[in-house]
Amino acid sequence: MSGRAAQRIDLRGMVLPVALVAAAELLVRSRGLRSDAIAAPSEVLLAWLRALVDGTLLSATAETLACAVAGLAIGFTLGVVLGTIFGLRGLVDELMEVTIEAIRPIPPVALIPIALLVYGFGYRLEIAIVVFATLWPAMIFTRTAIRGIAPRLFEVAKALELSPRERIFKIVIPAALPQIFVALRLSAAISLIVAVTVEVTANTIGLGHEMMMAQSSLHPDLMLALLVWTGVLGWMINAAMLLAQRLLFPSSIAERTGEAAR
Amino acid sequence: MRRARLATLAASFLVAVGFVLLWQAIADARLVSPVFLPGPDRAWSALVDGFQNGTLIQKWTGTLERMVYGWLLASALGICVGALIGISQAARAYLSTTIELVRPLPASAAIPVAIAFLGLSESMVLSVIAFGAVWPTLLATVHGFSTVHPRLYEVATALGMSRLAVIRKIALPHSMPDILAALRLSLTIALILSVVGEMLASRDGLGSWILLAARSFRSQDLFAGVILLGVTGFVSAMLLNLVEAWLLRWRSEGRR
Amino acid sequence: MDGTGDGTAVTAEADAILELKGAGLIIGSREILRGIDLAIAPGEFVCVVGPSGCGKTTLLRLLAGLMLPTAGEVTYRGAPVRRASRDVAIVFQDYGNALLPWRTAAANVALPLETMGLARDERAARVETLLRTVGLEGHGEKFPGQMSGGMQQRVQIARCLAQSPSVLLMDEPFGALDAMTRQGLQDEFLGLVAQNSVTTFFVTHDLEEAIYLGDRVIGLLPNPGRVGIALDVGLPRPRNQLTTREDPEFLRLRRALFDFIARAEA
């Protein structure tokens with residue numbers, strides 16, 4: 001298969017999106033369709049630029065990202081710590097099994113009303129939910145990764161008479177790192193999704209909230225602009241994490257588990 | 001070995017009970033305001049009351065129905081489109097870019113658009129659930145199809161099997177492990193979006209119920225609802241695990 | 001280029017059921033096979049040997065219709081082979097990849113019968129007969145994952161027989177099995193072939209196996225793959241693991257083949 005064939009397939013993929021955008025533009029413009037739900041792609045672009053210029057886009061993005069990142073930082077760290085404990089101490093893992101399995105299935109959004117009660121609207125509400133959501137994949141992946149460490153490595157640690165602290169930092173964590181990074185990718189994606197979800201559902205800040213406002217104030221162009229922007233954000237975060245993974249862990253194992261996690 | 005497993009499970013259960021007792025102690029000592037944290041006793045009685053007078057059953061069924069219908073719709077769509085992409089080079093060429101573009105979009109971000117088109121209706125919630133829950137199954141089907149060993153396709157060609165037969169008898173069974181794992185994930189997504197949809201559109205279900213309970217400071221009802229949602233998540237995952245174990249018994253029996 | 005092959009026999013070769021005429025295969029810049037002329041008569045058991053990489057498996061895939069020659073032609077019953085067909089059954093070496101792991105042995109064997117449109121009871125009866133033929137009676141409900149390599153290979157053979165083929169193409173079918181299982185299967189297979197009078201094309205790297213099983217042994221030279229030697233095996237049938245292998249004719253053929261391979265690999 002030559003490069004020409006590969007290029008041909010590339011172009012075919014663009015047919016559908018381009019056709020849809022063009023069709024939308026034509027439909028709205030030619031029919032003079034004035035709707036509360038549809039806007040021409042050109043109008044959407046204008047709305048996006050307007051939001052960029054008057055600062056709403058950036059402030060909303062900052063709010064969403066701040067909550068996502070903060071929640072991710074706390075939740076992921078917590079998850080890794082718990083996963084490490086459960087991975088290394090089988091007894092603790094087994095004793096905590098019922099408790100964890102009882103709490104884990106609770107949908108993060110179900111905690112929104114509780115967090116709403118405790119924190120009211122704002123950053124802390126969102127961060128709390130993101131923490132709960134990102135905690136679990138981090139914990140599970142870390143636990144699995146650590147359990148999967150070849151017993152040989154632990155024998156080496158014993159032979160070298162490493163202290164528990166040294167053992168964790170010099171052997172356990174480096175060995176589990178590729179899979180933990182995959183968990184980070186997954187949790188990062190989840191953090192954005194959950195943040196937006198909380199904003200759409202209940203919060204007064206962020207991109208999700210702005211989208212709801214645009215919808216209820218009948219500004220479909222702004223709503224769609226924010227929608228596309230959120231998608232772009234999600235795509236950028238995924239791409240950035242994938243790139244980081246390729247740079248940091250150029251091994252096929254991480255890639256394989258990464259593909260499955262995607 | 002089974003007895004040891006039962007023993008650890010029992011011990012684990014006792015630990016969980018311990019946490020519940022701790023919870024009760026904190027609530028009794030009013031270390032946290034009862035407005036935020038009802039004791040397990042109050043949550044339990046709210047649960048019992050809710051079932052006895054039927055409200056909780058009604059709300060629960062609402063959520064369950066929404067979740068299951070949305071999930072079934074998403075799964076059917078995901079498998080069909082995934083199979084199409086898996087089996088047809090042309091379909092893959094035309095559709096894969098669009099899919100890659102739409103995939104990173106959080107389903108909840110699509111909610112305002114869905115509301116714009118469908119209002120605060122049942123179909124809005126269902127379409128949002130379907131939109132969010134379709135991805136894992138779709139991707140798993142495509143991935144599964146792509147990993148079928150070429151040898152099996154050669155056998156199929158030699159036998160003169162039709163494309164449909166190849167999908168039904170070779171590609172789909174081969175992809176079952178991936179698809180089942182994806183179905184579990186999409187069920188979780190369906191539950192989440194179902195709750196979100198209920199909260200937003202005030203549809204009859206646990207989502208709207210717990211939001212209302214929070215707004216009226218009825219924390220025991222709130223906790224009862226959250227517990228029910230946790231149970232829903234747990235039981236649905238377990239049911240799927242059972243289905244998976246039964247469907248994939250050729251794998252476990254094959255372990256020699 | 002259509003061959004007629006309808007009774008107007010000029011030479012014995014016109015009776016051939018499977019034939020390669022000047023067949024060659026070039027992939028990219030590599031010439032894999034060149035000028036292969038081979039005619040296989042109905043009911044004949046032809047074995048092909050050669051050093052690694054000489055193109056034995058490629059030759060088999062050409063005969064199977066899984067690949068098309070870039071030069072010359074491959075014909076089955078006189079007509080050019082364009083695609084794989086049910087009449088020419090292929091037994092692959094990697095039986096693990098050729099069986100459906102989620103189906104029981106019986107269901108695997110039934111696969112061709114389903115495609116052929118047989119009714120359920122007919123299928124069940126036929127499957128039972130076939131399983132008995134390959135010595136897997138009573139193991140029909142096992143999954144491939146629960147079976148040994150030898151059993152799995154027998155399931156594959158049974159499935160191929162279910163196609164009621166006229167020709168069996170076998171790609172080192174016993175290569176992945178231990179010696180004892182291999183010898184047992186060799187004899188079982190000879191019995192099968194005799195019973196069903198199936199034409200067989202058998203690729204192997206085991207020279208003794210080739211002589212033991214075949215009516216004719218073809219040796220390929222590598223780079224590019226071409227016919228180097230063709231020996232007629234004049235040993236009596238039925239073959240016997242002990243007596244046949246001690247027959248002076250067997251030893252003579254063995255010597256000839258060993259020398260050929262030694263020269264070919266040099």
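Let me begin with a word that I will use throughout: two residues are in contact if their C-beta atoms, placed from the backbone, lie within 7 Å. With that in hand, and keeping in mind that what we have here is a predicted model, we can say that 17 residues of chain B are in contact with 20 residues of chain C. On the chain B side, the elements that give two or more residues are α7 (150-159), α8 (163-201) and α11 (249-253) of chain B, and the largest share, 7 residues, comes from α7(B). If we sort the side of chain B that touches chain C by class, we find 9 nonpolar, 4 polar and 4 charged residues.

Let me turn now to the other pair. Of the 2 pairs of chains in contact, chains A and B share the most contacts, and here the contact takes 47 residues from chain A and 46 residues from chain B. Several helices of chain A each supply at least two residues of the side that touches chain B, namely α1 (3-31), α4 (90-103), α5 (112-119), α8 (164-201), α9 (206-216) and α10 (220-248). The largest share of that side, 8 residues, comes from α10(A), and by class the side of chain A that touches chain B has 33 nonpolar, 10 polar and 4 charged residues. What about chain A and chain C? These two chains do not touch, and their nearest C-alpha atoms are 11 Å apart.

Next, I would like to look inside chain A, at one pair of helices. Two packed helices are described by the angle between their axes and the distance between the axes. For helix α3 (residues 56-88) and helix α6 (residues 123-147) of chain A, the axes come within 5 Å and cross at roughly 30°, and the crossing of α3(A) and α6(A) is right-handed. Sorted by class, the contact of α3(A) with α6(A) has 25 nonpolar, 8 polar and 3 charged residues.

Finally, let us move to chain B and its helix α6 (residues 122-146), which has 25 residues and reaches 36 Å from its first C-alpha to its last, close to the 36 Å expected at 1.5 Å a residue. Where does α6(B) have its kink of about 35°? The kink lies at B:Val134, shortly before the proline B:Pro136. And is this helix mostly covered or mostly uncovered? The helix α6(B) is mostly covered, since 21 of its 25 residues are buried.

How values were computed. Residues are numbered from 1 along each chain as its sequence is written. Chains are lettered from A and ligands numbered from 1 in the order in which they are written. This is a predicted model: local features need pLDDT of at least 70, side-chain atom pairs count only at pLDDT 80 or more; totals for chains, interfaces and linings use all residues. Helices (H or I, at least four residues) and strands (E, at least two) are DSSP runs, numbered from the N terminus. Ala, Val, Leu, Ile, Met, Phe, Trp, Tyr, Cys and Pro count as nonpolar, Asp, Glu, Lys and Arg as charged, and the others, Gly among them, as polar. Axes are lines fitted to C-alpha atoms, for helices over the stretch in contact, and angles run from 0 to 180 degrees between N-to-C directions. A crossing is left-handed if the near helix is turned anticlockwise from the far one by less than a right angle, and right-handed if clockwise. The expected span of a helix is 1.5 Å times one less than its number of residues. The bend at a residue is the angle between axes fitted to the seven residues ending there and the seven starting there. A residue is buried if 20 or more other C-beta atoms lie within 10 Å of its own, exposed if 12 or fewer, and partly exposed in between; C-beta atoms are placed from the backbone.
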